[in-house]
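Hi,

Here is the structure I promised to pass on. Have a look at it first, then read my notes below.

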Amino acid sequence: MHVWTNLQKFLYDKDYFLAYFNNSLYVYNFTKLYSITNKKIVMEIAAKKLMILGNDLILKRSCGKELIIYGTIKEVTYE
């Protein structure tokens, strides 16, 4: 469990964090959700827009300022 605690401290010591694994995109510390469809999700993160494009996108889990998006993710843009 010591390794997990160190990993959490490292990851959550950031303004924001994105991780892609197992057809899922983990987003930490988003500010606002603008739109959610099964093809496009748009949110604000660090005062910029994050757009996720894909197929069968599902907001699988949300907890505070964290969420997991599941589906076939084709493109992620940050502007």
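Let's start with a small puzzle: does Ser24 count as buried or exposed, and at what relative accessibility? The answer is buried, because its relative accessibility is 5%, and the cut-off for buried is under 20%. You'll find Ser24 in strand 2. If you skip the neighbours within four places in sequence, Ser24 is in contact with Ala19, Ile68, Ile69, Tyr70 and Ile73.

Before going further, please keep in mind that this is a predicted model. The average pLDDT of the protein chain is 87, and 85% of the residues score at least 70. Confidence varies between elements: strand 4 has the highest mean pLDDT (95), while helix 1 has the lowest (65). As a rule, where pLDDT is low, the predicted coordinates should not be read in detail.

Now for the overall layout. The protein chain has one helix and six strands, and in sequence order the pattern reads α-β-β-β-β-β-β. Out of 79 residues, 28% count as buried. The accessible surface adds up to about 5,500 Å², with 55% of that belonging to carbon and sulfur atoms. And if you take the contacts between residues at least 6 apart in sequence, 38% of them join residues at least 24 apart.

Next, the inside. The largest nonpolar core is made of 12 residues: Leu25, Val27, Phe30, Ile41, Met43, Ile45, Leu50, Ile52, Leu57, Leu67, Ile69 and Ile73. Two or more of these residues come from each of strand 2 (24-28), strand 4 (40-45), strand 5 (48-63) and strand 6 (66-78). In soluble globular proteins, nonpolar side chains tend to be buried together.

Two members of that core are worth clicking on. Ile45 lies in strand 4 and counts as buried because its relative accessibility is 0%. Leaving out neighbours within four places in sequence, its contacts are Tyr16, Leu18, Val27, Tyr28, Asn29, Phe30, Thr31, Leu50 and Tyr78. Ile45 and Asp15 are 30 residues apart in sequence, yet their C-alpha atoms are 8.9 Å apart in space. The other one is Phe30, which is in contact with Met43, Glu44, Ile45, Gly64, Lys65, Glu66 and Leu67, again without neighbours within four places in sequence.

What about the outside? Tyr16, Leu18, Val76 and Tyr78 form a nonpolar patch on the surface, and together they have about 310 Å² of accessible area. Tyr16 sits in the loop between helix 1 (2-11) and strand 1 (17-21). Tyr16 counts as partly exposed, because its relative accessibility is 32%, and partly exposed covers the range between 20% and 50%.

One last residue to try: how exposed is Thr72? Its relative accessible area is 43%, so Thr72 is partly exposed. Thr72 belongs to strand 6. Not counting residues up to four places away in sequence, Thr72 touches Leu53, Gly54, Asn55 and Leu57. From C-alpha to C-alpha, Thr72 and Leu53 are 8.6 Å apart in space, and 19 residues separate them in sequence.

Have fun turning it around on the screen!

Cheers

Methods. Residues numbered from 1 in each chain as written. Predicted model: local features only at pLDDT ≥ 70, side-chain atom pairs only at ≥ 80, totals over all residues. Heavy atoms only, no water. Core = buried A, V, L, I, M, F, W, Y, C linked by side-chain atoms within 4.5 Å. Buried < 20%, exposed > 50% of the residue type's maximum accessible area, 1.4 Å probe, protein only. Helix = DSSP H or I, 4+ residues; strand = E, 2+ residues; numbered from the N terminus. Contact = heavy atoms within 4.5 Å. Patch = residues over 30% accessible without salt bridge, like charges linked within 9 Å, V, L, I, M, F, W, Y side chains within 5 Å. Areas by Shrake-Rupley, 256 points an atom, 1.4 Å probe, with all protein chains shown as cover. Salt bridge = Lys/Arg side-chain N within 4 Å of Asp/Glu carboxyl O. pLDDT = per-residue confidence, 0-100.
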